[in-house]
Amino acid sequence: MLSCRHATGLASLALERPLTFRERLALRGHLLICSSCRRAQRQFRIMRELMRSAPDAAPSPQAAAGAMPEDVRERLSDTGRGADEDRG
Ligand SMILES: [Zn+2]
């Protein structure tokens with residue numbers, strides 16, 4: 001099972017390149033059980049649409065992460081430590 005950090009990492013990576021089958025599968029599996037990451041991914045998708053419509057003002061993936069809802073960011077920082085059962 002992916003951690004939330006890993007899942008949102010994949011979601012932002014998807015902005016830069018197509019994900020591999022395994023990556024997509026892992027991300028989908030996580031999104032099925034994690035509403036916070038579903039919301040974060042929707043934000044990423046919106047960002048991507050904005051980038052397409054305004055290529056001159058393309059924000060970086062880091063900027064996209066900064067645009068995440070605050071509760072998602074808090075959750076991500078929480079899961080960064082001590083979430084051994086989430087790893088892998
Ligand atoms: Zn998650």
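Visitor: Which elements are included in what covers the buried residues of α2?
Guide: In this predicted model, the buried residues of α2 are Leu27, His30 and Leu31. Seen down the helix axis, these residues fall within an arc of 100 degrees, so they line one face of α2. The cover over these buried residues includes α1 and α3.

Visitor: Which exposed residues does α2 carry on the face turned away from its buried side?
Guide: The buried side of α2 is made up of Leu27, His30 and Leu31. Turned away from that side is a face whose exposed residues are Phe21, Arg22, Leu25, Leu32 and Ile33.

Visitor: How does Arg28 count, as buried, exposed or partly exposed?
Guide: Arg28 lies in helix α2, and its C-alpha atom is separated by 9.9 Å from that of Ala11, a residue 17 positions away along the chain. A residue needs 20 or more C-beta neighbours within 10 Å to be buried and 12 or fewer to be exposed. Because Arg28 has 13 such neighbours inside 10 Å, it counts as partly exposed.

Visitor: How far apart are the end C-alpha atoms of α3?
Guide: Helix α3 runs over residues 35-53. At 1.5 Å a residue, its 19 residues should span 27 Å, and the computed separation agrees with this, the end C-alpha atoms being apart by 27 Å.

Visitor: Within what arc do the buried residues of α3 fall?
Guide: The residues of α3 that are buried are Ser36, Cys37, Ala40, Gln41, Phe44 and Met47, while on the other side of the helix Ser35, Arg42, Ile46, Glu49, Arg52 and Ser53 are exposed. Seen down the axis of α3, the buried residues line one face of the helix, because they fall within an arc of 130 degrees.

Visitor: Which elements give two or more residues to the largest nonpolar core?
Guide: In soluble globular proteins, nonpolar side chains tend to be buried together. The largest nonpolar core here has 15 residues, of which Cys4, Ala7, Ala11, Leu27, Cys34, Cys37 and Ala40 touch the most other members. The elements that contribute two or more residues to this core are α1 (4-13), α2 (21-33), α3 (35-53) and α5 (70-79).

Visitor: What is the distance in space, C-alpha to C-alpha, between Ser3 and Leu76?
Guide: Ser3 is placed in the segment before α1, and it counts as buried because 20 C-beta neighbours lie inside 10 Å. Along the sequence, Ser3 and Leu76 are 73 residues apart, yet in space their C-alpha to C-alpha distance is 8.7 Å.

Visitor: What share of the contacts with a separation of 6 or more comes from residues 24 or more positions apart?
Guide: The protein has 5 helices and 0 strands, and of its 88 residues 26% count as buried. Among the contacts with a separation of 6 or more, the share from residues 24 or more positions apart is 68%.

Visitor: In which helix is confidence lowest?
Guide: The protein averages a pLDDT of 81, with 74% of the residues scoring at least 70. Where pLDDT is low, the predicted coordinates should not be read in detail. Confidence is highest in α2, at a mean of 96, and lowest, at a mean of 65, in helix α4 (residues 61-66).

Methods. Residues are numbered from 1 along each chain as its sequence is written. This is a predicted model: local features need pLDDT of at least 70, side-chain atom pairs count only at pLDDT 80 or more; totals for chains, interfaces and linings use all residues. A nonpolar core is a set of buried Ala, Val, Leu, Ile, Met, Phe, Trp, Tyr and Cys residues joined through C-beta atoms within 7 Å. Helices (H or I, at least four residues) and strands (E, at least two) are DSSP runs, numbered from the N terminus. The arc is that of the directions from the helix axis to the C-beta atoms. Two residues are in contact if their C-beta atoms, placed from the backbone, lie within 7 Å. pLDDT is the predictor's confidence in each residue, from 0 to 100. The expected span of a helix is 1.5 Å times one less than its number of residues.
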